[in-house]
Amino acid sequence: MDFIDTHLPPAPARILDAGCGDGALADRLRERGYDVTAIDIDPERARPGVRTADICDFRDDPYDAVVFALSLHHVDDLGRALDSAAALLREGGRLLIDEFAHERAGTAIADLFYDQPGSLSRWRDEHRDLHTGAAMVDAVAGRFTIASLASVPYLYRYLEDETLRDTESVLGLQLVGLQPADVPAGWRP
Ligand SMILES: C[S@@+](CC[C@H](N)C(=O)[O-])C[C@H]1O[C@@H](n2cnc3c(N)ncnc32)[C@H](O)[C@@H]1O
């Protein structure tokens, strides 16, 4: 089971997939019995099952979980996107973030990614406009209780090379945020 499957409440929970892209995750969750709304700001993504909307001003009835899968680092305004997610979650709802922290890449990862020595400055240039993992964690921490936060491999999924897992095991960032009502005893300050 992957991160999202593990941390979603049981079907038929109401899920918002924010920044859904082609809607593949939403389709998979619907097949498993979830009630999924999938939104993406890019009108070219629109199709049955994918609505065009900006998470920053999307409003709807409450959801049991809001998922950002590789989309939060792209939003223009991190604070507004997370304020919106908080407003869209029912009390006790969950925020799931499956992301990557591009600032953690060093020379080895950049050279491996571009298959060329000396690629770190190119990596930094090409990721300059994306939110960092640290910025995302800070923005979540100001609005939710972080129940779990893990660094995991990331790139191997795209380069289709399982041997990369160890080399770049810090790039992926998986986070579960909880509304206060869902915080188990011991996690409260
Ligand atoms: C890298 S893609 C990830 C797509 C999909 N979640 C996946 O895992 O394959 C990021 C997506 O976020 C969308 N996006 C960026 N900002 C957004 C916003 N403010 N509201 C909704 N979608 C947004 C983009 O249009 C893009 O389709």
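This is a short walk through one protein model, from its overall build to its sheet and then its ligand.

Okay, before anything else: what you have in front of you is a predicted model.

Let's start with the whole chain. The protein has seven helices and seven strands. If you read along the sequence, the pattern goes α-β-α-β-β-β-α-β-α-α-α-β-α-β. The radius of gyration is 17 Å, close to the 16 Å that the globule rule gives for 189 residues, so the protein is as compact as a globular protein of that length. For a feel of the dimensions, picture the C-alpha atoms in a box of roughly 50 × 45 × 30 Å along the principal axes. Buried residues come to 33% of the 189. And of the contacts between residues at least 6 apart in sequence, 64% join residues at least 24 apart.

Now, the sheet. In what order do the seven strands sit? Going across, you get S3-S2-S1-S4-S5-S7-S6, in an open sheet with mixed pairing. Out at the edges are strand S3, residues 51–52, and strand S6, residues 145–152, and each of these pairs on one side only.

Have a look at S4, residues 63–69. On one side S4 pairs with S1, residues 14–18, in the parallel sense, over three bridges. Asp 17 has Val 67 as its bridge partner in S4, and Ile 15 has Ala 65. S4 also pairs with S5, again parallel, this time over six bridges. One of the bridge partners there is Leu 89 in S5, matched with Tyr 63. So is S4 enclosed or not? Five of its seven residues are buried, so S4 is largely enclosed by the rest of the structure.

Next, two helices that go with these strands. Helix H2, residues 24–31, packs on the sheet and touches S1, S2 and S4. The direction of H2 makes about 175° with that of S2, which covers residues 35–40. Then there's helix H3, residues 78–88, lying across S1, S4 and S5. H3 runs at about 140° to S5, residues 89–100.

Last stop, the ligand. Which residues come nearest to it? There are 19 residues around the ligand, and the nearest are Gly 19, Gly 21, Ile 41, Asp 42 and Ser 71. By class, that shell has 11 nonpolar residues, four polar ones and four charged ones.

That's the tour, thanks for listening.

Technical notes: Residues are numbered from 1 along each chain as its sequence is written. This is a predicted model: local features need pLDDT of at least 70, side-chain atom pairs count only at pLDDT 80 or more; totals for chains, interfaces and linings use all residues. A residue is near a molecule or strand if its C-beta atom, placed from the backbone, lies within 6 Å of it. Ala, Val, Leu, Ile, Met, Phe, Trp, Tyr, Cys and Pro count as nonpolar, Asp, Glu, Lys and Arg as charged, and the others, Gly among them, as polar. Helices (H or I, at least four residues) and strands (E, at least two) are DSSP runs, numbered from the N terminus. The radius of gyration is taken over C-alpha atoms; the globule rule is 2.2 Å times the number of residues to the power 0.38. A residue is buried if 20 or more other C-beta atoms lie within 10 Å of its own, exposed if 12 or fewer, and partly exposed in between; C-beta atoms are placed from the backbone. Two residues are in contact if their C-beta atoms, placed from the backbone, lie within 7 Å. Two strands pair if DSSP finds at least two bridges between them. Axes are lines fitted to C-alpha atoms, for helices over the stretch in contact, and angles run from 0 to 180 degrees between N-to-C directions.
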